[in-house]
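Open the model in a viewer and keep the sequence panel beside it. The stops below say what to select next and what is there.

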Amino acid sequence: MILDFGKYSFEILISYLSTFSLILILVISTYLNSKKVKKDLDKFKNKDPNDSKKSQSI
Amino acid sequence: MIKYRKNIWEFANPNNFLRITNKITPFFIILTIITLSTGIIWGLFFTPEDYRQGSSVKIIYVHVPAAFLAINIYFMMFVTSVIWLIRRHHVSLIAAKSAAPIGFIMTLSAILTGAIWGKPIWGTYWAWDPRLTSFSILLMFYIGYISIWQTMKFSDKIADLSSWLCIIGSIFALMSRYAVFFWDQGLHQGASLSLDKKENIDDVFYFPLLLSMAGFVFLFLTLLVIKIKTEIQKRRLNILLSTGNT
Amino acid sequence: MLFALANKSILLSTSFFVILILTVGIGFGQTGDSSEKTVIAIIWIATALSSLLSIKEMFQNDFEDGTLDFYMLSAATLETIICLKAFTHWITTNLPIIFLIPLISIPLGITFYHSILISLVMLVSTPALSFISTLGAALTLGEKGGNLLLSIFILPTFLPIIIFGMKISILITNSIYDIMAHLILFALSLICLAITPFITSAIIKVHYS
C-alpha cells in the first residue's frame, strides 16, 4: 500500500486531509466568487456597450 | 517622451494592478502547483523517519508552512492597514481584507495539524503551552477582524475602523505573546527554521520543507491576487449599478 | 462619581460581579473540589466581564446627544477627556469590585491574607482594563446592538493583563510573593495609559470624518 507510513499513518493522513480540505474550500469559494462577479460585470457591460467611458473609470 | 522611474506606489492604482496581475496570475498558478506538489510528494514519500518521532515527523510539511503563513499574513495585514491609514490606497485596504480569511484558514490548519501531531508525541491533543496559547490568541484576532467586515456594511468609515482594529490586534497579540513566554518556554520545540542557528533540522527534512513552504506562499499569493481582483471588480460593479445608468 | 451613583451604574456592576461569582462558585461547589487557583481564575474572569458590560455606555450617550461634538471643539484635547473617561470607568466599575474581593473570597475558600494580596494585584492591573475598554467603546460607537461585536473585539485584548495577573496570583497562592510582580502589572497599566488614548481619539475622529 502506497499510503502506509508505518505506525503513525493515520495521523499523517488525517492531518494532510484536513489541511488540504480547508484549503480546497478556500480555493473553490475564491474561484466561484470571482466567476460570479466576472459574469455579472460582463452582463452589465453587454447591456449598454456604448457607455464605455464610465465603465473604464472607477 | 520622459520615462520616469517606476516606484511601488504604481501598484496602488487599481487599473495598473489589474493589468499587471492579469499577466502574472497564470505563472503564480503554475508555480504553486509545481512547488506544492513536489514539496508534498518529496516530503511524504522520499524522506526517512526521524529517530525519535518516527514517521509522524511527516506532518511538518503542512504544519510549519501553515504556521509560518498564519503569523506572516497577520503581519502583512498590519502593514497594509497602516498604508491604508496613511496613504489611502484602496488596493492596500482590499489586500488586508482579502488576506484575512486565508490567514484564518492557515491558523486553523496549523492548530489542527499541531493537535494531531501532539497526540502521539506529547500524549495530549492540547496543552496550554505558550506557543499554542499565542496561536489561539491569533485565531481570536482573525475572528474579530473578519467579523467587523461581515457584520457591517462597506464604507470608508468601516475601512478605517477595521484598519485600527488590525493595528490594535497586532499590538495586543504581540503583548500576549510576551506575556505567555514570560515564565516558561513550554513543550513546543523552538523554531526549526532560522537563518543563523546551528541547530536547524537536518538537510534531509530541510529541502522538502522549504519547497512546501514556497508552495504555500505561492498558493497564498495566487489566492490573494484573485481575491483582490474579484473585490475590485465587485466594487466597480457596485459603483456602476449605483450611478443608475442601467 | 455622584453622577455614576445617580445612574446606579456602581450598584449594577458590583451586583453583577457578586452574582456571577456566586453562581460560578455554587456551580463549582457541587463538584466538591474548589481549589484556590480555580477561584482566582473565576475572580479574574468576572472582573473582566463586569468591566466589559459597562463599556458601551462610555461614549455612546455622549455620541448620541452631541456632547462628544462639544468635546471635540473644546480647548481640552480629546486624549485628556478619554483619560478622564477611563478613570471614571475605573472608579465606578473596578474599584468597588476590588473592595469586595476580600469579602467575597472568604466563602470561596481563599485565605484572608491571600485575598488582600490579590486585591492589591487587581488594584494595579485593572486601570489597564479600563484604558483598553475605551478602544472597544470607540470602535463600536454608533453601532446599534454592537454589544456582541464589542466583546469579540475586546476580550482578546484583555488577555495580556489576565495572563500576567493570573500568573502572579498563582505565585501568591504558592506563597512566593515579590513586590516586583506588582511593579510589572503597574507597568502594563502605565503602557496602556500611554498608548490607548491616542489610538482611541484617532478612532473617534474616524466617526466624525
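Start with chain B, which reads α-α-α-α-α-α along its sequence. Note before going further that this is a predicted model. Chain B has 6 helices and 0 strands. Colour its 246 residues by burial, and 54% of them come out as buried. Among the contacts in chain B with a separation of 6 or more, 78% join residues that are 24 or more positions apart. Switch on the surface of chain B: the accessible area is about 12200 Å², and carbon and sulfur atoms account for 67% of that area.

**Salt bridges in chain B**

How many salt bridges does a search of the whole structure find over all chains? The count is 3.

Select B:D160 and B:R88 for one of them. Their side chains meet in a salt bridge, with 3.2 Å from N to O. The two residues are 72 apart in the chain, with B:D160 in helix α5 (residues 156-181) of chain B and B:R88 in the loop between α2 (60-87) and α3 (90-122). B:D160 has a relative accessible area of 5%, so this residue counts as buried. B:R88 is partly exposed, with a relative accessible area of 38%.

Stay on B:R88 and look at its backbone. Most residues other than glycine have a negative phi. B:R88 is not a glycine, yet its phi is positive, at about 60 degrees. The residue with this phi sits in the loop between α2 and α3 of chain B.

Next, select B:K97 and B:E231. These two form a salt bridge in which the closest N and O atoms are 2.9 Å apart. B:K97 belongs to helix α3 of chain B and B:E231 to helix α6 of chain B, so the pair ties together parts that lie 134 residues apart in sequence. Are the two ends buried or partly exposed? B:K97 counts as partly exposed, at 22% relative accessibility. B:E231 counts as buried, at 15% relative accessibility.

**A positive patch from chains A and B**

Follow helix α6 (residues 203-243) of chain B to B:K234. This lysine is partly exposed, with a relative accessible area of 30%. Add A:K36, A:K39 and A:K43 to the selection: together with B:K234 they gather in a patch of positive charge on the surface. Which element gives the largest share of the positive patch? Helix α1 (residues 9-47) of chain A does, with 3 residues.

Now show chain A by itself. Chain A has 2 helices and 0 strands. Buried residues make up 33% of its 58 residues. The accessible surface of chain A is about 4200 Å², with 63% of the area belonging to carbon and sulfur atoms.

**Chain C: a salt bridge and a nonpolar patch**

Move to chain C and select C:D62 and C:K85. They form a salt bridge, the closest N and O atoms being 2.6 Å apart. C:D62 lies in helix α4 (residues 60-65) of chain C and C:K85 in helix α6 of chain C, 23 residues apart. Both C:D62 and C:K85 are buried.

Then turn to the surface of chain C and select C:I106, C:F112, C:Y113, C:I116, C:L120, C:L123, C:Y177, C:I179, C:M180 and C:L183. These residues form a nonpolar patch with about 970 Å² of accessible area together. Helix α7 of chain C gives the most to the nonpolar patch, with 5 residues. Both α7 (112-139) and α9 (179-208) of chain C supply at least two residues each. C:I106 is placed in helix α6 (residues 78-108) of chain C.

**Last stop: C:T173**

Select C:T173, which is in helix α8 (residues 147-173) of chain C. At 11% relative accessibility, C:T173 counts as buried. What does C:T173 touch, not counting residues up to four places away in sequence? The residues in contact with C:T173 on that count are C:E36, C:I40 and C:H114. To finish, draw a distance from C:T173 to C:Y113. Their C-alpha atoms are separated by 9.8 Å, and the two residues are 60 apart along the chain. C:Y113 also belongs to the nonpolar patch on the surface.

Notes:
Residues numbered from 1 in each chain as written. Chains lettered and ligands numbered in written order. Predicted model: local features only at pLDDT ≥ 70, side-chain atom pairs only at ≥ 80, totals over all residues. Heavy atoms only, no water. Patch = residues over 30% accessible without salt bridge, like charges linked within 9 Å, V, L, I, M, F, W, Y side chains within 5 Å. Areas by Shrake-Rupley, 256 points an atom, 1.4 Å probe, with all protein chains shown as cover. Salt bridge = Lys/Arg side-chain N within 4 Å of Asp/Glu carboxyl O. Lys, Arg positive; Asp, Glu negative; His and termini not counted. Charge placed at Lys NZ, Arg CZ, Asp CG, Glu CD. Helix = DSSP H or I, 4+ residues; strand = E, 2+ residues; numbered from the N terminus. Buried < 20%, exposed > 50% of the residue type's maximum accessible area, 1.4 Å probe, protein only. Contact = heavy atoms within 4.5 Å.
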